[in-house]
Amino acid sequence: MSDFSDPNHRPLRVITFLAAHATEAFTLAEIARFLNLSKGSAHRVMTALTDAGFVSRHPRHKTFTLGMALVAVGQAALDRYPGVAIARREMARLNAELNVGFGATAIVNNEYLLLGREGTPRTYDGLALVGERRLVIPSIGIGQMAWRSPDEIDAYLDRGAAYLDPQIREHLLATMPAIRRRGFSMAAEGVGLHQLIKATVIAPGQSDEEVLSAAAITGAGEISASEFQMLDWDEAQGRGVNYVAAPVFSPDGDVCLEIVMSDLPEGLGRSEMERYAAKLVQAADLVTSEIRGRKPKPW
């Protein structure tokens with residue numbers, strides 16, 4: 001996980017912050033305050049980033065935004081990871097057809113990163129802006145973690161030791177083969193889940209330890225098993241579905257990103273929920289195919 005207390009990471013903190021607020025501009029004093037930097041440190045970092053073109057400074061307002069040099073970096077990254085652009089295309093298509101929200105996510109260095117989204121979210125508890133990150137603790141990222149090795153799955157569940165009781169941990173362990181078998185993860189709506197989602201969002205400049213501490217005191221122990229992960233659609237009756245997520249696989253057979261469907265209409269019956277999930281899985285499988293990925297067999 002990122003150690004943003006390291007002075008060498010200050011430029012990364014600035015770029016991460018500006019990426020999460022791409023449509024906004026900030027003064028030097030605001031950047032120093034939001035990222036808990038001294039004005040001297042902020043000035044040195046912003047000068048270096050501006051000279052490199054990674055940050056742009058308005059000549060009159062003296063405010064900072066993302067710089068044009070990052071466009072080339074972003075395009076190079078998209079060329080390196082073509083699945084992101086294809087996933088965005090498929091999310092736009094499904095959004096037009098189903099009128100629900102979609103996000104493309106990936107686990108990067110134990111952080112759950114939003115790579116793209118379609119549709120306006122009903123709430124802003126979770127990730128709403130491209131570039132925002134969330135701590136990977138149960139059940140955040142479970143649809144991607146389910147395809148990892150048994151040791152990695154155990155380590156993932158261990159991160160929830162502060163709030164997972166033994167029964168919930170066993171439930172999550174039991175859902176792993178179900179996720180691999182059906183090809184997607186799914187969770188029921190609930191207040192507890194929204195609390196956990198909100199608490200695990202990593203604010204720009206915030207350390208992972210601070211986020212984990214916040215997540216542990218949100219009453220996460222009050223989350224029902226179905227809010228962590230459903231084994232059957234019937235668990236959503238009377239509650240609704242919070243999300244359904246399907247993985248995209250790389251040529252090596254690893255999960256490289258995930259397409260998440262959210263903001264589903266209330267009152268969907270089982271057949272409709274299954275239809276929505278089938279369309280999502282088809283879209284994820286299409287992205288896998290176009291990047292010449294390999295969908296592994298459930299193990």
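Hi everyone. Two strands count as paired here if DSSP finds at least two bridges between them. Keep that rule in mind for a moment, because strand β6 and strand β8 pass it with 4 bridges, pairing in the antiparallel sense. One last thing before the tour: what we have on the screen is a predicted model.

Let's stay with that pair. β6 covers residues 185–188, and β8 covers residues 241–249. If you want a spot to zoom in on, find Ala188, which stands opposite Val241 in β8.

Now let's step back to the whole sheet. It is an open sheet of 7 strands with antiparallel pairing, and the order reads β6-β8-β9-β3-β4-β5-β7. Which strands stand at the edges? Those are β6 and β7, each with a single partner strand, so one side of each has no neighbour in the sheet. Elsewhere in the sheet, strand β4, residues 111–118, is joined to strand β5, residues 133–135, by 3 bridges, and the two run antiparallel. Leu113 is the residue that stands opposite Arg133 in β5.

Back to β6 and its faces. In a regular strand, side chains alternate between the two faces of the sheet. For β6, Ser185 and Ala187 are on one side, Met186 and Ala188 are on the other, and all of them are buried. So are the faces of β6 covered or open? Both are covered.

That leads us to the packing. The largest nonpolar core has 35 residues, and those with the most contacts inside it are Phe102, Trp233 and Ile259. The elements giving two or more residues to this core are α5, β3, β6, β8, β9 and α12. Helix α12, residues 270–290, gives the most, with 8 residues.

Please click on Trp233. Setting aside neighbours within four places in sequence, Trp233 is in contact with Phe184, Met186, Val241, Val244, Arg270, Met273, Glu274 and Ala277. You have already met two of those: Met186 is a buried residue of β6, and Val241 stands opposite Ala188. Apart from this core lies another, of 29 residues, with Ile107, Ala146, Tyr163 and Ile168 among them.

On to the aromatics. How many aromatic pairs are there? The count comes to 5. One of them is Phe26 with Phe34: the ring centres are 5.9 Å apart and the planes are at 85°, so this pair is edge-to-face. Phe26 is buried, at 6% relative accessibility, while Phe34 is partly exposed, at 43%. Another pair is Trp147 with Phe249, with centres 5.0 Å apart and planes at 80°, so that one is edge-to-face as well. Trp147 sits in the loop between α6 and α7, and Phe249 is in strand β8, 102 residues apart, so to speak of distant parts of the chain being linked is fair. Both Trp147 and Phe249 are buried.

Phe26 and Phe34 also join Phe17 in one aromatic cluster. Phe34 has a charged visitor too: Arg33 lies over the face of its ring, at 5.1 Å from the ring centre. Likewise, Arg80 lies over the face of Tyr81, at 4.9 Å from the ring centre.

Finally, the overall picture. The protein has 12 helices and 9 strands, and buried residues make up 47% of its 299 residues. Among contacts between residues at least 6 apart in sequence, 63% join residues at least 24 apart. Thanks for listening!

How values were computed. Residues numbered from 1 in each chain as written. Predicted model: local features only at pLDDT ≥ 70, side-chain atom pairs only at ≥ 80, totals over all residues. Heavy atoms only, no water. Buried < 20%, exposed > 50% of the residue type's maximum accessible area, 1.4 Å probe, protein only. Phe/Tyr/Trp six-rings, centres within 6.5 Å; stacked < 30°, edge-to-face > 60°. Lys NZ or Arg CZ within 6 Å of the ring centre and 35° of its normal. Core = buried A, V, L, I, M, F, W, Y, C linked by side-chain atoms within 4.5 Å. Contact = heavy atoms within 4.5 Å.
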